[in-house]
Amino acid sequence: MNTHELYKNINKHILEDEKPSIYLNEIFEGEVFKQYPFNLLHEMRNTEQSKIHHPEGNVWNHVMMVVDAAAKIKYKSKNERVFMWAALLHDIGKPPTTKIKKGRIISYDHDKVGEELSEKFLSEFTDDKNFIYDVSKLVKYHMHILYVVNKLPFADVENMKKETDVEEIALLGFCDRMGRTNSNFEKEKKNIEMFIKAIS
């Protein structure tokens with residue numbers, strides 16, 4: 001199997017499987033998954049996260065939970081293919097940005113770096129500029145629920161509204177929050193409602 005065949009297989013499984021993580025974990029140790037650009041995903045397993053925010057462990061564990069959460073509600077998305085690839089690639093920027101600072105694991109700007117890396121990743125397999133653009137913008141703004149609800153200065157609501165669909169951001173953001181050990185469904189649902197209200 002080459003990288004293009006693997007991309008097609010992943011595309012099929014994330015769109016059709018009830019739990020895409022089963023297939024994704026099966027291919028993880030394969031040689032092709034260690035080749036560029038899949039190595040950008042392979043690195044996720046070596047990237048630890050804050051135990052406070054991510055008791056599930058490394059970035060790969062989290063992303064697998066997010067992809068499975070997204071698979072359950074992808075029918076709510078306006079474009080299931082864009083949505084599922086954004087779920088898989090949303091933290092692609094974490095491996096190169098993760099550092100330990102004063103004893104804390106941080107990954108500042110992983111959303112912005114993720115936008116660029118998701119573009120590079122998808123450009124290896126498709127010339128569909130609209131698809132690449134839509135996925136990369138969801139990756140870029142996936143942290144904005146947190147920024148908006150907590151009134152953080154990193155929020156760029158004006159450009160988010162111009163560049164992407166805020167309802168898709170809300171959907172992806174909900175999956176991102178649910179893709180953690182001990183996530184609270186009601187609390188996260190409330191955060192999404194607060195986000196939508198704040199930017200309306």
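Biologist: In which loop is Pro37 found?

Modeller: In this predicted model, Pro37 is found in the loop between helix H2 (20-27) and helix H3 (39-42).

Biologist: How should one read the peptide bond that leads into Pro37: is the bond from Tyr36 to Pro37 cis or trans?

Modeller: The general idea is that most peptide bonds are trans. The bond from Tyr36 to Pro37 is cis, with omega near 0°. Tyr36 also appears among the contacts of Thr3, a residue of helix H1 (residues 3-16).

Biologist: What else is Thr3 in contact with, leaving aside its neighbours within four places in sequence?

Modeller: Besides Tyr36, Thr3 is in contact with Val32, Gln35, Phe38 and Phe125. Thr3 counts as buried because its relative accessibility is 15%, and the cut-off for buried is under 20%.

Biologist: Let us turn to backbone angles. Which sign of phi does Lys102 have?

Modeller: The general expectation is that most residues other than glycine have a negative phi. Lys102 is not a glycine, yet has a positive phi of about 50°. Lys102 lies in the loop between strand S1 (99-101) and strand S2 (104-106).

Biologist: Is Lys102 buried or exposed?

Modeller: Lys102 counts as exposed, because its relative accessibility is 81% and the cut-off for exposed is over 50%.

Biologist: What is the phi of Asn182, and where does Asn182 lie?

Modeller: Asn182, also not a glycine, has a positive phi of about 65°. Asn182 lies in the loop between helix H11 (166-178) and helix H12 (185-199). At 69% relative accessibility, Asn182 counts as exposed.

Biologist: How are the helices and strands arranged along the chain?

Modeller: The protein has 12 helices and two strands. From the N terminus on, the order is α-α-α-α-α-α-β-β-α-α-α-α-α-α.

Biologist: How can one see which parts of the chain are brought together in the fold?

Modeller: One approach is to consider contacts by their separation in sequence. Among contacts in the protein with a separation of 6 or more, 63% are between residues 24 or more positions apart. Asp17, in the loop between H1 and H2, offers an example: its C-alpha atom is separated by 7.4 Å from that of Ala71, 54 residues apart along the chain. Leaving aside neighbours within four places in sequence, Asp17 is in contact with Lys12, Tyr23, Ala71 and Lys74.

Biologist: Which residues touch the most other members of the largest nonpolar core?

Modeller: They are Ile10, Leu41, Trp85 and Phe121, in a core of 58 residues. Helix H4 (residues 59-73) supplies the largest share of this core, with 10 residues. Not counting residues up to four places away in sequence, Leu41 touches Phe28, Phe33, Trp60, Leu88, Leu89, Ile92 and Phe121.

Biologist: Why does the radius of gyration agree with a compact globule?

Modeller: The idea is to compare the value with the one expected for the chain length. A compact globule of 200 residues would have a radius of gyration near 16 Å, and the protein has 16 Å, so the two agree. Along the principal axes, the C-alpha atoms fill a box of roughly 45 × 40 × 30 Å.

Biologist: What can be said of burial, surface and charge?

Modeller: Of the 200 residues, 52% count as buried. The accessible surface comes to about 10,500 Å², and 51% of it belongs to carbon and sulfur atoms. As for charge, there are 30 positive and 32 negative side chains, and the centres of these two sets lie 6 Å apart.

Notes:
Residues numbered from 1 in each chain as written. Predicted model: local features only at pLDDT ≥ 70, side-chain atom pairs only at ≥ 80, totals over all residues. Heavy atoms only, no water. Core = buried A, V, L, I, M, F, W, Y, C linked by side-chain atoms within 4.5 Å. Buried < 20%, exposed > 50% of the residue type's maximum accessible area, 1.4 Å probe, protein only. Helix = DSSP H or I, 4+ residues; strand = E, 2+ residues; numbered from the N terminus. Contact = heavy atoms within 4.5 Å. Rg over C-alpha atoms; globule rule 2.2 N^0.38 Å. Areas by Shrake-Rupley, 256 points an atom, 1.4 Å probe, with all protein chains shown as cover. Lys, Arg positive; Asp, Glu negative; His and termini not counted. Charge placed at Lys NZ, Arg CZ, Asp CG, Glu CD.
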